[in-house]
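Visitor: I should like to learn how to read the features of a structural model. May we take them one at a time?

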Amino acid sequence: MTNDKQGMLSIFLNQGVEFGEYSVTGSLNRTRDFIYIDDVVKIITNESFLKLNATTLNLCSGFEISVKNLIEEISNLIDIPKNNIKINQLGN
């Protein structure tokens, strides 16, 4: 099973599969930009990247998704109909 303690994707996937509902702390409208770890590895091992002298870089996909839309996408993948999605919104 997925990690239910860290990583937004893992947490929500686990909640959907195990419980059929989601517990969210904070706003459903906040957004995130997820990137696949294999893409990060390809970037940071690229010869051009290794020549950079940057001390801080932000690697991203360039695609934002809201927490609500992420939950809807996960629910769709695990066959929870959109009208049956249950979200328990917790305090911050």
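Guide: Let us begin with helix α1, bearing in mind that this is a predicted model. Helix α1 covers residues 8-19, and its 12 residues reach 16 Å from the first C-alpha to the last, close to the 16 Å expected at 1.5 Å a residue.

Visitor: Which residues of α1 are buried?

Guide: A residue counts as buried when its relative accessible area is under 20%. In α1 that applies to M8, F12, N14, Q15 and G16.

Visitor: What do the buried residues of α1 pack against?

Guide: They pack against strand β1 (21-25), strand β2 (31-33) and helix α4 (67-77). After the helix comes G20, with a positive phi near 70°.

Visitor: Which residues make up the largest nonpolar core?

Guide: A core of this kind is a set of buried nonpolar residues joined through side-chain atoms within 4.5 Å. Here the largest one has 12 residues in all: M8, F12, Y22, V24, L28, I65, V67, L70, I71, I74, I80 and I85. At least two of its residues come from each of α1, β1 and α4. The most is given by α4, with 4 residues.

Visitor: How many aromatic pairs does the structure hold?

Guide: There is 1 aromatic pair. Its partners are F12 and Y22, in an edge-to-face arrangement with 6.3 Å centre to centre and 85° between the planes. Planes over 60 degrees apart count as edge-to-face, which is why the angle decides the label. Because F12 belongs to helix α1 and Y22 to strand β1, the pair ties together parts that are 10 residues apart in sequence.

Visitor: Is F12 buried or exposed?

Guide: F12 counts as buried, at 4% relative accessibility. Its partner Y22 is likewise counted as buried, at 1% relative accessibility.

Visitor: What does Y22 touch?

Guide: Residues up to four places away in sequence are not counted in this list. Among the contacts of Y22 are F12, Q15 and G16, I71, I74 and S75, and I80, I85 and I87.

Visitor: Which residues are buried in α4, and what covers them?

Guide: The buried residues of α4 are V67, L70, I71, E72, I74 and S75. Their cover includes α1, β1, β3 (64-66) and β4 (86-90).

Visitor: What is I71 in contact with?

Guide: I71 is found in helix α4 and counts as buried, at 0% relative accessibility. Leaving aside neighbours within four places in sequence, I71 is in contact with F12, Y22, V24, I85 and I87. A separation in space can also be set beside one in sequence: I71 and L9 are 62 residues apart in sequence and 8.9 Å apart in space, C-alpha to C-alpha.

Visitor: How many salt bridges does a search of the whole structure find?

Guide: The general idea is that side chains of opposite charge can pair when their charged atoms come close. The search finds 3 salt bridges. In one of them the side chains of K51 and E47 meet at 3.4 Å, N to O, and both residues are exposed.

Visitor: Which residues are linked in a network of salt bridges?

Guide: The network links K68, E72 and K82. K68 and E72 meet at 3.9 Å, N to O; both lie in helix α4, 4 residues apart, about one turn of the helix. K82 also forms a salt bridge with E72, with the closest N and O atoms 3.9 Å apart. Since K82 is in the loop between α4 and β4 while E72 is in helix α4, this pair ties together parts that are 10 residues apart in sequence.

Visitor: What is the relative accessibility of K68, and what is the relative accessible area of K82?

Guide: K68 counts as partly exposed, at 39% relative accessibility. K82 is exposed, with a relative accessible area of 61%. E72 itself is among the buried residues of α4.

Visitor: Where is D79 found, and what is its phi?

Guide: Most residues other than glycine have a negative phi. D79 has a positive value, near 65°, although this residue is not glycine. D79 comes just after α4, in the loop between α4 and β4. D79 is exposed, with a relative accessible area of 68%.

Notes:
Residues numbered from 1 in each chain as written. Predicted model: local features only at pLDDT ≥ 70, side-chain atom pairs only at ≥ 80, totals over all residues. Heavy atoms only, no water. Expected span 1.5 Å × (residues − 1). Buried < 20%, exposed > 50% of the residue type's maximum accessible area, 1.4 Å probe, protein only. Contact = heavy atoms within 4.5 Å. Phe/Tyr/Trp six-rings, centres within 6.5 Å; stacked < 30°, edge-to-face > 60°. Salt bridge = Lys/Arg side-chain N within 4 Å of Asp/Glu carboxyl O.
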